[in-house]
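I set out to look up how aromatic rings pair and how helices pack in this structure. My entries follow in the order in which I made the searches.

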Amino acid sequence: MFSFLVNADGGLTTAGYAVCIVIGVALFIAALVFAGKVSEKKRMGTKQLVFCAMAMALAFITSYIKIFNMPWGGSVTLCSMLFIVLVGNWYGPKTGVLVGLVYGILQFIQEPYVLSFFQVCCDYILAFAALGVAGFFAKSKNGLIKGYIVAVIARGAFHALGGYLYWMDYMPENFPKALSSVYPILYNYSYLLAEGVITVIIICIPAVAKGLNRVKRIALE
């Protein structure tokens, strides 16, 4: 069904890239339009749309700065998840989820691997869209940190689901048999939590926390 979009190695064909780019652009435009709709009875302006676009761009750029690569996909990056979480923290979970979804499409275009449509949804679209749930904690004390932690856990849940359904055959032969049933969980959370710890430490630095609070005030003005 998808043979014209996916090659034998699980990557995208030229047609596949074209389709993904079209979908990505359409969703990106939808995200910007959605971000400009009424939020808390106040219409958001051009500046807010720009903040969403900039956050997505920074997330995409920092995703290339990899501290460590996992053998079967996944990596510890330079706080790339934080920028999608910030959108949710600024504008709420709906905008955060939609921007995360578009970001997932960009990640798929960047490093595509296709086993099935649902696997793509788990590993790319739903996993990154889940980062937007950070918005639910925006108004609570230490909301950014709480939201970030929950967002990382939510993203990991979708990766783990995809792992159980599609990636169990890639489990190393020397992996402890007693832990084989939780292999997808251990594999995916190993790099997600590593990046999460690094990011939380960084955003807890007083100067960084002060800067992020200032950026949030500007974004909401």
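The entries below treat ring pairs and then helix contacts.

**Entry 1: aromatic pairs.** I note at the outset that the model is predicted. I searched the whole structure for aromatic pairs and found 11. I took up Phe108 and Tyr124, which form an edge-to-face pair with 5.0 Å from centre to centre and 70 degrees between the planes. I then located the two residues: Phe108 belongs to helix H4 (residues 93-110) and Tyr124 to helix H5 (residues 117-129), so this pair ties together parts that are 16 residues apart in sequence. I also looked up their exposure and recorded that Phe108 and Tyr124 are both buried.

**Entry 2: a pair in H7.** I turned to Tyr187 and Tyr191, whose ring centres are 6.3 Å apart. Their planes stand at 80 degrees; because an angle over 60 degrees counts as edge-to-face, I assigned the pair to that class. Both residues lie in helix H7 (residues 183-203), and as they are 4 residues apart, about one helical turn separates Tyr187 from Tyr191. Are these two residues buried or exposed? Tyr187 has 12% relative accessibility and counts as buried. Tyr191, at 3% relative accessibility, counts as buried too.

**Entry 3: a ring cluster.** I followed the ring pairs further and noted a cluster that links Trp72, Tyr113, Trp167 and Tyr170.

**Entry 4: H6 against H7.** I next examined the packing of helix H6 (residues 143-167) with H7, and recorded axes 8 Å apart at an angle of about 160 degrees. Since angles over 145 degrees count as roughly antiparallel, I described H6 as roughly antiparallel to H7. I entered the crossing of H6 and H7 as right-handed. I then sorted the residues of this contact by class and listed 19 nonpolar, 6 polar and 2 charged.

**Entry 5: H3 against H4.** I returned to H4, this time with helix H3 (residues 80-91) as its partner; their axes come within 6 Å and cross at roughly 150 degrees. I therefore recorded H3 and H4 as roughly antiparallel to each other. Their crossing is right-handed. Which residues meet in this contact? From H3 I listed Ser80, Ile84, Val87, Gly88 and Tyr91. From H4 I listed Pro93, Thr95, Gly96, Val99, Gly100 and Tyr103. By class, the contact of H3 with H4 has 6 nonpolar and 5 polar residues, and no charged residues.

Conventions:
Residues are numbered from 1 along each chain as its sequence is written. This is a predicted model: local features need pLDDT of at least 70, side-chain atom pairs count only at pLDDT 80 or more; totals for chains, interfaces and linings use all residues. Side-chain values use heavy atoms; hydrogens and water are left out. Rings of Phe, Tyr and Trp (its six-membered ring) pair if their centres lie within 6.5 Å; planes under 30 degrees apart count as stacked, over 60 as edge-to-face and the rest as tilted. Buried means under 20% relative accessible area, exposed over 50%, partly exposed in between (1.4 Å probe, protein chains only). Axes are lines fitted to C-alpha atoms, for helices over the stretch in contact, and angles run from 0 to 180 degrees between N-to-C directions. Angles under 35 degrees count as roughly parallel, over 145 as roughly antiparallel, 65 to 115 as roughly perpendicular and the rest as oblique. A crossing is left-handed if the near helix is turned anticlockwise from the far one by less than a right angle, and right-handed if clockwise. Ala, Val, Leu, Ile, Met, Phe, Trp, Tyr, Cys and Pro count as nonpolar, Asp, Glu, Lys and Arg as charged, and the others, Gly among them, as polar. Contact means heavy atoms within 4.5 Å.
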